[in-house]
Amino acid sequence: MRRRLAWVLVAMILFLPVCQASEAEFRVDAKGAVLIDATSGRVLYGQNMNEMLPMASTTKIMTALLALENATLTEDVTASANASGVPGTSIYLSKGETLSMEHMLYGLMLRSGNDAAVAIAEHISGSVRAFAEKMNQRASELGADAHYVNPHGLDAAGHSASALGLAKIMRACMQLESFRTITATKKKVIPWEGNEYSRVLENKNRLLSSYEGATGGKTGYTSKAGRCLVFSAKRDGMELIGVVLSCPTWFDTATVLLDYGFENYGLKTALTDGQFAVDVPVSGGAKNTVPAVAQGNLAGAVGISEHYSVTYDLYEMEAPVNKGQRVGTGKLMINGESVATCPLIAGESVAEGGFFRALRRILSRWGMMFQPAENRAYAEDYSGVTQYSQFPCKSITP
């Protein structure tokens with residue numbers, strides 16, 4: 001088995017002047033709030049961000065995520081009596097009415113239709129209860145503190161999430177182009193079966209019109225949860241995601257948080273996909289090193305008064321090494337903490353050195369002499385095989 005050897009190599013350190021706003025002096029009028037960098041998931045601002053609170057219709061972000069992950073946009077979704085009769089905000093689905101999943105999602109995200117939420121849940125999982133279990137499982141996979149009882153967000157015992165948990169779920173959604181398109185749509189016309197008029201849906205997220213660079217989000221309100229808002233915006237290549245829970249001044253507070261982020265942080269890309277990172281030592285090879293290249297970008301938001309560096313955790317490699325083989329991990333470090341990581345893979349192959357290749361062949365054949373005849377073919381077939389795998393780029397939230 002290949003052992004891991006941690007080689008910590010500082011690749012770059014940038015010091016930037018100008019003072020950053022003090023978080024200690026910055027408070028918002030919300031029970032829970034957070035602002036994260038969408039690229040790395042790094043928390044840029046938090047206020048009671050881990051407290052579990054009612055989330056109202058921001059619940060529907062997870063409903064949309066599961067719909068997009070488990071169905072196609074062209075699938076027909078039929079509303080049951082249960083969906084048609086759900087209380088609260090609706091798109092007025094009638095029992096037996098059928099819309100495409102795409103149109104249901106527009107009804108879910110723009111109009112915040114509770115009936116659309118139930119129709120989607122029943123289509124995906126057969127029942128609201130089974131869908132809620134799926135929502136909780138997905139939240140766990142994302143490392144998001146959220147517990148769902150229903151797909152729409154009407155007040156229910158135990159139905160709650162943290163601001164940071166909702167930000168993580170929104171971050172996962174924004175990696176889907178179909179979700180980005182839907183959540184950024186200001187107005188959409190969809191069919192209305194049995195009615196001479198079509199449904200005209202208008203997005204309740206006012207930031208799409210009032211804030212430069214706004215890319216999406218979801219509103220929510222119940223008497224128990226208060227005003228809740230998940231929001232996002234992108235400027236100069238950096239996208240931010242924010243959440244405010246139980247916030248009377250939701251849109252104004254979202255604007256303050258986004259302004260804070262854009263004024264005090266900027267996106268820094270330390271490595272781009274395919275860029276050479278470092279030479280990795282190789283033992284027993286025709287060459288002593290193999291070039292490691294980044295698999296995906298290594299990037300994150302960096303404060304204007306912060307410095308960042310890149311360090312590498314490298315595997316102890318033995319020849320042969322195959323091009324594309326995982327050889328280590330690159331880490332973006334800010335203030336001594338890892339905020340993002342990216343796999344490093346071999347940029348070329350390295351064959352075994354002549355002496356070591358001959359020695360391995362001799363030892364292999366010598367060992368086969370002492371094996372039962374029925375095992376020799378197996379040993380011959382599998383001698384010298386190197387197994388490896390590639391891993392997707394992942395981010396770590398401090």
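The following legends describe close-up views of a predicted model.

**Figure 1. Overview of the 398-residue chain.** The secondary structure of this predicted chain comprises 11 helices and 21 strands. Of the residues, 49% count as buried. The accessible surface amounts to about 18,500 Å², and carbon and sulfur atoms contribute 51% of it. Among contacts in the chain with a separation of 6 or more, 66% join residues that are 24 or more positions apart.

**Figure 2. The stacked aromatic pair of Y92 and W192.** The model contains six aromatic pairs. In the pair of Y92 and W192, the ring centres are 6.3 Å apart and the planes enclose an angle of 15°; the pair counts as stacked because this angle is under 30 degrees. Y92 belongs to the loop between helix 2 (81–84) and strand 6 (98–100), while W192 belongs to the loop between strand 9 (187–190) and strand 10 (199–202), so the pair ties together parts that are 100 residues apart in sequence. Y92 is exposed, at a relative accessible area of 52%, whereas W192 is partly exposed, at 27%.

**Figure 3. Surroundings of I91 in the loop between helix 2 and strand 6.** I91 has a relative accessibility of 3% and therefore counts as buried. With residues up to four places away in sequence set aside, I91 touches L99, G107, R111, G113, D115, A116, R199 and L201. One of these partners, R199, lies 108 residues from I91 along the chain, yet their C-alpha atoms are separated by 7.8 Å.

**Figure 4. Helix 3 and the ring of Y106.** Helix 3 (residues 101–109) is mostly covered, with eight of its nine residues buried. The buried residues are M101, H103, M104, L105, Y106, G107, L108 and M109. K188 lies over the face of Y106, 4.8 Å from the ring centre.

**Figure 5. An open sheet of five strands in the order 4-3-13-12-11.** The pairing within this sheet is antiparallel. Its edges are strand 4 (43–47) and strand 11 (214–222); each has a single partner strand, so one side of each is left without a neighbour in the sheet. On average, neighbouring strands are turned by 5° against each other, direction ignored. Within the sheet, strand 3 (residues 32–37) and strand 13 (residues 238–245) form an antiparallel pair over six bridges. D37 has L240 of strand 13 as its bridge partner. In a regular strand, side chains alternate between the two faces of the sheet.

**Figure 6. The aromatic cluster of F26, Y45, Y260 and Y265.** These four residues, F26, Y45, Y260 and Y265, form one cluster. The view also includes T253, which is found in helix 9 (residues 250–264). T253 has a relative accessibility of 6% and thus counts as buried. Apart from neighbours within four places in sequence, T253 is in contact with V28, V244 and C247.

**Figure 7. Strand 18 and its pairing with strand 20.** Strand 18 (residues 307–315) is mostly covered: seven of its nine residues are buried. Seven bridges join strand 18 to strand 20 (residues 326–334) in the antiparallel sense. Opposite D313 stands T329 of strand 20.

**Figure 8. Backbone geometry at P320, D236 and N335.** The peptide bond from A319 to P320 is cis, with omega near 5°. P320 is situated in the loop between strand 19 (317–318) and strand 20. D236 is not a glycine, although its phi is positive, at about 50°. This residue, D236, is located in the loop between strand 12 (226–235) and strand 13 and is exposed, with a relative accessible area of 83%. N335 is likewise not a glycine and has a positive phi, of about 55°. N335 occupies the loop between strand 20 and strand 21 (337–346). With a relative accessible area of 48%, N335 is partly exposed.

Note on methods
Residues numbered from 1 in each chain as written. Predicted model: local features only at pLDDT ≥ 70, side-chain atom pairs only at ≥ 80, totals over all residues. Heavy atoms only, no water. Phe/Tyr/Trp six-rings, centres within 6.5 Å; stacked < 30°, edge-to-face > 60°. Helix = DSSP H or I, 4+ residues; strand = E, 2+ residues; numbered from the N terminus. Buried < 20%, exposed > 50% of the residue type's maximum accessible area, 1.4 Å probe, protein only. Lys NZ or Arg CZ within 6 Å of the ring centre and 35° of its normal. Pairing = 2+ DSSP bridges. Axes fitted to C-alpha atoms, helices over the stretch in contact; angles between N-to-C directions. Contact = heavy atoms within 4.5 Å. Areas by Shrake-Rupley, 256 points an atom, 1.4 Å probe, with all protein chains shown as cover.
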